[in-house]
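Open the model in a viewer and colour it by chain. The stops below follow the contact between the chains, then the symmetry, then a sheet.

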Number of protein chains: 2
Amino acid sequence: MMQAIGRQARAAAEVLRRADAATRTAAISAIARQIRTRADRVLGANAGDVAQATRLVDRLSLDQARLEAIAVSVDQIAVLPDPVGAEMARWQPANGLDIARVRTPIGVIAMIFESRPNVAADAAAIALRSGNALILRSGADALDTVLAIGEAISAGLAEAGLPASCVQIVPTRDRSAVGAMLAGLDGAIDLIIPRGGKSLVARVEAEARVPVLSHLEGICHTYVHTAADPDMARDIVLNAKMRRVSVCGATETLLIDKAALAMLPAIAAALREAGCELRGDEAARAVAQMAPASEADWSTEYLAPILSIRTVAGLDEAMRHIARYGSGHTEAIVTGDDGAAERFLAEVDSAIVLRNASTQFADGGEFGFGAEIGIATGRLHARGPVGPEQLTTFKYQVRGQPAGSCRL
Amino acid sequence: MMQAIGRQARAAAEVLRRADAATRTAAISAIARQIRTRADRVLGANAGDVAQATRLVDRLSLDQARLEAIAVSVDQIAVLPDPVGAEMARWQPANGLDIARVRTPIGVIAMIFESRPNVAADAAAIALRSGNALILRSGADALDTVLAIGEAISAGLAEAGLPASCVQIVPTRDRSAVGAMLAGLDGAIDLIIPRGGKSLVARVEAEARVPVLSHLEGICHTYVHTAADPDMARDIVLNAKMRRVSVCGATETLLIDKAALAMLPAIAAALREAGCELRGDEAARAVAQMAPASEADWSTEYLAPILSIRTVAGLDEAMRHIARYGSGHTEAIVTGDDGAAERFLAEVDSAIVLRNASTQFADGGEFGFGAEIGIATGRLHARGPVGPEQLTTFKYQVRGQPAGSCRL
């Protein structure tokens with residue numbers, strides 16, 4: 001895209017070099033007029049920007065209660081079982097060896113995150129629980145808060161007799177620090193975890209020279225099958241979309257069987273009542289009032305009270321839609337049909353696939369992991385909720401016979 | 001390095017531009033004389049190159065027996081348990097969900113390998129066992145053989161009703177194909193596995209835009225502790241070094257306690273008798289005849305009948321040496337002391353740590369994995385032998401209550 005912008009600007013410069021002053025004056029005046037004419041459009045867009053900045057203020061703002069919630073979350077990680085040294089498997093092959101696969105820390109984890117200060121405390125606690133050293137790079141917006149939380153972390157480490165370097169916070173807003181981390185700091189970093197928007201994750205994936213555990217977007221689907229119970233379908237869709245619209249496990253697209261369209265009016269009414277905007281295909285719009293969905297809606301993670309709705313001919317078409325537009329995060333089927341449910345659970349290739357439950361269950365806490373630093377959408381090392389256990393690797397401890405009689 | 005060579009050549013060009021013809025003639029004649037003077041040195045180096053080319057001929061050469069061995073290896077993979085769909089864990093958190101973690105294929109695996117044609121057949125069989133599609137890039141030396149094996153693979157796939165594209169062989173020696181694979185072929189590749197020399201693996205790690213499962217060098221250590229049984233120490237060291245010198249699990253450095261040096265003469269004699277060249281530090285050379293080791297020896301993977309020997313003050317110094325010079329592959333301790341052994345197994349941070357057993361046990365077959373495509377030396381996803389199970393990922397299948405009563 002940037003290359004195209006550059007090429008077009010270069011060509012436009014040629015046009016402008018030849019344009020006379022009157023033409024350029026006319027353009028300037030026309031622009032002023034157009035700004036007035038489009039006041040609604042500009043003010044509408046501005047409201048969006050202000051709303052976004054307001055959400056930033058909300059994400060950043062701590063008070064006594066939120067601070068206590070951060071501390072409680074750390075307390076909860078303190079009582080989680082420690083994964084380090086846990087025996088994952090143990091067996092004795094025919095050669096007489098005794099082989100144990102034992103969890104060990106990964107080593108040094110670097111996390112690059114954006115504006116939620118609580119991420120720093122959670123990540124530090126989870127890293128300590130899994131025995132990993134941590135390097136935290138905070139977004140510029142939250143840096144001072146994160147550094148203050150960092151002082152608490154350092155003091156806590158010192159009380160326990162651990163060096164402050166167990167959890168280091170990059171103390172600068174200088175963007176070149178990110179580049180150095182992505183290059184691996186001369187082999188010091190074993191794993192990078194980006195936590196933030198799509199562009200941050202994309203940059204990290206494109207530039208990192210060390211392994212990355214990505215938390216990409218969650219374009220999650222709930223599929224209402226013909227054999228769904230109508231009330232269950234309504235309740236699950238409402239929860240999956242509206243319980244919290246800003247979490248990655250929130251449903252963004254409702255897929256509904258053509259033969260189940262009779263359930264849609266009640267679902268749509270419940271969603272509208274909860275303040276949700278609906279965007280549907282033609283068949284959906286024929287049975288419930290909503291705006292038309294565009295092609296872009298199927299691949300948009302709204303993280304907002306908006307739901308796209310698509311009618312499908314049945315299970316196969318639903319799974320094809322998910323394979324094409326989904327992000328491999330979390331998908332649910334609502335059905336009373338065991339055969340359809342088991343096919344969906346077996347064939348949909350997402351980190352989490354659910355039957356008759358809300359996609360918002362995609363959460364380390366709900367999974368019983370105690371804590372998570374995100375939902376991994378990559379395919380290697382860890383998928384789904386990433387808790388302390390997912391931040392370990394393993395080694396094989398092999399014990400020979402006392403007489404050393406294991407020979408090759 | 002290349003930059004330095006360029007800078008120096010540029011500076012030398014300036015010198016040569018100013019040198020007169022007589023000076024340059026003198027240089028030319030002197031070079032001819034020097035070639036004759038150093039005949040031994042040049043012929044010695046040439047013998048090394050020829051030996052290497054001869055080893056290449058050996059690695060490449062198939063006969064009826066070796067072909068049968070390749071087929072037998074594939075047969076063995078055919079009877080391995082299939083990992084896809086296996087339930088790794090299943091639990092019911094307090095929220096009433098039923099959560100199962102189930103193995104699934106990774107997707108598309110690309111393997112870039114060098115000159116052993118059997119790798120193609122093994123990799124294809126292991127990929128099919130784990131449900132993954134495979135893209136194979138053979139080294140130029142072996143390409144025609146690999147393409148012929150590829151015809152067998154395609155025919156086998158067709159017999160089973162599977163498309164030939166399940167296992168594709170890049171049909172060109174063009175080096176740009178590797179660059180395209182490292183870029184991920186527009187998102188088509190989920191994982192790249194390099195199999196070959198250090199420079200291949202380094203290039204893949206530096207340039208890949210997709211996850212890499214590396215099989216780096218094995219600088220493996222055997223540590224003879226004070227409390228070792230002398231006969232066991234001799235037998236294990238001999239096996240660890242000499243059973244097969246060209247495998248990545250072969251021991252390259254023997255660490256021996258100062259207090260155990262009395263065992264060294266017998267170990268050295270056994271190794272020499274088996275044709276092994278020894279290179280030791282001063283203390284080792286004081287008790288057994290061997291060449292002096294240089295600093296470079298401690299970080300060299302010989303893959304040849306050469307062993308470096310270093311004397312250490314005890315367990316801690318041995319572990320420090322391994323941490324500094326080892327490649328995180330496989331290390332063994334020989335000792336009758338349970339405390340020392342358990343500390344070694346717990347604290348040495350390598351994929352495989354053994355007590356009283358040969359480092360050559362670092363092998364998927366010996367581990368009971370049935371087959372392997374290598375020993376992973378990275379820290380993410382898989383460590384140690386990589387068999388079909390290690391080429392899977394997983395997903396969570398979540399079943400709600402029949403009444404859909406799991407609510408958040």
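## The contact between the chains

Select Glu342(B) and Arg399(A): these two form a salt bridge, with the closest N and O atoms 2.6 Å apart. The model is a predicted one. Chain B and chain A have two salt bridges between them. Polar contacts at this boundary come to 35 residue pairs, both residues at pLDDT 80 or more.

Next, colour the elements of chain B that face chain A. At least two residues of the touching side come from each of strand E2 (98-105), helices H8 (198-207), H9 (230-242) and H13 (338-347), and strands E13 (352-355), E15 (384-385) and E16 (392-399) of chain B. Of the side of chain B that touches chain A, E16(B) gives the largest share, seven residues. Sorted by class, that side of chain B holds 32 nonpolar, 16 polar and 18 charged residues.

Now select the whole contact, which draws 66 residues from chain B and 65 residues from chain A. About 5100 Å² is buried between chain B and chain A, and carbon and sulfur atoms give 53% of this area.

## The axis

Superpose chain B on chain A. The operation is a rotation of 180° with 0.1 Å of shift along its axis, and the RMSD is 0.1 Å. The two copies are thus related as by a two-fold rotation axis. Which residue of chain B comes closest to the rotation axis? Select His381(B), whose C-alpha lies at 1.8 Å from the axis. Of the interface residues of chain B, 98% are also interface residues in chain A, so the copies meet through the same surface.

## A sheet across both chains

Show strands as ribbons and trace the open sheet of 10 strands, in the order E10(A)-E9(A)-E11(A)-E8(A)-E7(A)-E12(A)-E13(A)-E16(B)-E2(B)-E1(B). Its pairing is mixed. Its edge strands, each pairing on one side only, are E10 (291-292) of chain A and E1 (87-91) of chain B.

Within chain A, select E9 (residues 277-280) and E11 (residues 306-312), which pair in the parallel sense over four bridges. Arg279(A) stands opposite Ser308(A) of E11(A).

For the last stop, go to strand E16 of chain A, residues 392-399, and to E13(B). These two strands pair in the parallel sense, over four bridges. Select Gln397(A) and its bridge partner in E13(B), Val353(B).

How values were computed: Residues numbered from 1 in each chain as written. Chains lettered and ligands numbered in written order. Predicted model: local features only at pLDDT ≥ 70, side-chain atom pairs only at ≥ 80, totals over all residues. Heavy atoms only, no water. Contact = heavy atoms within 4.5 Å. Buried area = accessible area lost by both parts, 1.4 Å probe. Salt bridge = Lys/Arg side-chain N within 4 Å of Asp/Glu carboxyl O. Polar contact = N/O pair within 3.5 Å; in protein donor to acceptor, adjacent residues only side chain to side chain. Nonpolar A, V, L, I, M, F, W, Y, C, P; charged D, E, K, R; others polar. Pairing = 2+ DSSP bridges. Least-squares fit on C-alpha atoms with pLDDT ≥ 70 in both.
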